[in-house]
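Work through the following exercises with the sequence and the coordinates open side by side. Each task is followed by a solution that proceeds step by step.

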Amino acid sequence: MINDRLDALADYPFRKLSTLLDPIKPVSNDAPLLLSVGEPQNQPPAFINEVIAENGHLWNKYPPALATPAYRQAVADWLTMRYKLPAGFVDPDRNVVPVPGSREPLFMLALVTIPAAKGGGKPVVLVPSPSYHVYRGAALAANAETVYLPATAATNFLPDPESVSKDVLERTALCYLCTPSNPQGTVADIAYLKRWIKLAREHDFVLAVDECYAEIYDALPPTGALEACAALGDGPNGTPMDNVVVFHSLSKRSSAPGLRAGFIAGDAKVMARYGELISYACTPMPLPLVAAATALWRDEAHVRENQAMYRRNFDIATRLLDGKAGYFRPQAGFFLWLNVGDGEAACARLWKEAAIRSLPGGYMAVPDANGVNPGAPYLRIALVYDNDTMEDALGRLARAL
């Protein structure tokens with residue numbers, strides 16, 4: 001009756017977090033703050049409510065699988081502008097698929113791209129460790145072997161492409177990368193992205209690049225995988241996006257996680273197959289929300305305001321935490337990755353003493369061949385509140401550490 005391949009999903013990070021913290025009653029009189037989840041607490045721009053209301057007459061329509069031509073064109077225009085791509089590089093009808101946020105397509109892409117066998121054996125999915133838990137769940141659901149690649153300080157918190165053996169690469173069907181990385185906020189440069197794209201093309205696997213934090217950055221806008229594709233030129237199938245898929249959403253960029261709006265873009269063959277899957281299993285965006293999302297992709301003013309708020313949060317973190325728990329200022333994203341020695345113990349202490357809910361880094365990673373969990377010494381802190389709230393929260397955290 002039950003698919004036993006999914007048994008491993010029982011260690012869902014936030015279920016483990018509840019098991020750890022729910023028995024503990026904070027002794028602090030401070031208001032509890034949830035810094036465990038990457039959920040922006042500031043509001044999206046008010047104009048989306050107006051757009052949704054203006055399109056309220058469309059609630060009685062089944063959502064089209066691929067949203068609307070206007071939405072796909074807005075995405076293609078945004079990608080072209082943001083990553084300085086050549087005009088016409090992104091075909092809105094062949095290279096873009098609208099999706100309800102990024103979690104669903106990150107999971108479903110495995111079902112689209114992983115065959116029954118590859119390279120004479122069981123297909124492999126390459127997953128950074130630590131990383132977003134959905135990558136691992138996708139590999140399990142697709143009946144693939146998961147090979148974890150360390151993403152530690154030793155490799156600048158990004159997996160080393162040269163560390164993967166040739167026999168594993170021959171069986172690899174899918175590789176997940178995240179840049180800016182979750183949880184560490186490291187940005188991959190164009191040379192690094194090119195190395196992975198060349199490997200994907202040489203060994204015929206799909207490189208899935210999760211770029212959901214790309215619009216929250218400190219100094220310089222992060223490079224994107226499509227920029228690297230444009231620089232490399234045509235792949236083995238004759239197009240510059242061969243073997244590459246990127247993921248974006250409005251959850252972080254526009255502080256609209258509840259809107260559930262995003263897109264995947266890349267290899268036309270993969271996009272076509274994903275479009276077929278939508279007809280059977282996925283959730284199209286309702287048309288009033290598509291209209292709101294279209295407006296958000298075409299507006300940059302609110303994004304600049306968001307970026308300024310997050311930079312101020314990192315200014316606060318630098319002032320209060322510099323010299324503590326291996327603090328470093330990330331290049332992008334909105335997480336702190338603190339080396340506290342024992343992430344679980346520190347998480348429990350912070351909840352009890354400061355009413356701050358965080359996430360042990362070990363819950364985002366798996367033990368290596370030597371039984372060492374690379375995330376175990378760390379704690380992930382999400383700087384997702386307004387500046388005044390983060391001043392209070394990080395002050396509590398600094399005192400508890």
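**Exercise 1.** In what order do the 7 strands of the open sheet lie, and what is the sense of their pairing?

Solution. Bear in mind throughout that the model is a predicted one. Begin with the strand order, which reads β2-β8-β7-β6-β5-β3-β4 across an open sheet whose pairing is mixed. Next, identify the edges: β2 (96-99) and β4 each pair on one side only, and are therefore the edge strands by the cited pairing. Then turn to the geometry from strand to strand, where the twist averages 20 degrees from one strand to the next. Finally, look for a helix against this sheet: α7 packs on it, touching β3, β4, β5, β6 (206-210) and β7 (244-249), and the direction of α7 makes about 165 degrees with that of β5.

**Exercise 2.** Determine how β3 and β4 pair, and follow the chain from one strand to the other.

Solution. Strand β3 (residues 124-129) and strand β4 (residues 145-150) pair in the parallel sense, and the pairing extends over 6 bridges. To fix the register, take Val 125, whose bridge partner in β4 is Thr 146. The connection between the two strands runs through helix α5 (residues 133-141), and the resulting β-α-β crossover is right-handed. On the way from α5 to β4 the chain passes through a loop that contains Asn 143, a residue other than glycine whose phi is nevertheless positive, near 60 degrees.

**Exercise 3.** Which residues are joined by cis peptide bonds, and where do the prolines lie?

Solution. One cis peptide bond joins Thr 179 and Pro 180, with omega about -5 degrees, and another joins Asn 182 and Pro 183, with omega about 25 degrees. To place them along the chain, note that Pro 180 is in the loop between β5 (172-178) and α7 (190-203), and that Pro 183 is likewise found in the loop between β5 and α7.

**Exercise 4.** Describe the packing of α3 with α11, and then that of α13 with α14.

Solution. Two packed helices are described by the angle between their axes and the distance between the axes. For helix α3 (residues 69-82) and helix α11 (residues 287-297), the axes come within 9 Å and cross at roughly 20 degrees. Angles under 35 degrees count as roughly parallel, and α3 and α11 are therefore roughly parallel to each other. Their crossing is left-handed. The contact is made by Ala 70, Tyr 71, Ala 74, Val 75 and Trp 78 of α3 together with Val 290, Ala 293, Thr 294 and Trp 297 of α11, which by class gives 8 nonpolar, 1 polar and no charged residues.

For helix α13 (residues 343-354) and helix α14 (residues 387-400), the axes come within 10 Å and cross at roughly 115 degrees, and the crossing is right-handed. The residues in contact are Arg 349, Leu 350, Glu 353 and Ala 354 of α13, and Arg 396, Leu 397 and Ala 400 of α14; by class there are 4 nonpolar, no polar and 3 charged residues.

**Exercise 5.** What is the order of the 3 strands in the open sheet that contains β12, and which strands form its edges?

Solution. The order is β9-β12-β11, and the pairing is antiparallel. The edge strands, each pairing on one side only, are β9 (335-339) and β11 (359-360). As a last step, examine β9 against strand β12 (residues 378-382): the two pair in the antiparallel sense over 5 bridges, and Asn 339 stands opposite Tyr 378 in β12.

Notes. Residues numbered from 1 in each chain as written. Predicted model: local features only at pLDDT ≥ 70, side-chain atom pairs only at ≥ 80, totals over all residues. Heavy atoms only, no water. Axes fitted to C-alpha atoms, helices over the stretch in contact; angles between N-to-C directions. Helix = DSSP H or I, 4+ residues; strand = E, 2+ residues; numbered from the N terminus. Left-handed = near helix turned anticlockwise from the far one by under 90°. Contact = heavy atoms within 4.5 Å. Nonpolar A, V, L, I, M, F, W, Y, C, P; charged D, E, K, R; others polar. Parallel < 35°, antiparallel > 145°, perpendicular 65-115°, else oblique. Right-handed = clockwise from strand over helix to strand, strands pointing away.
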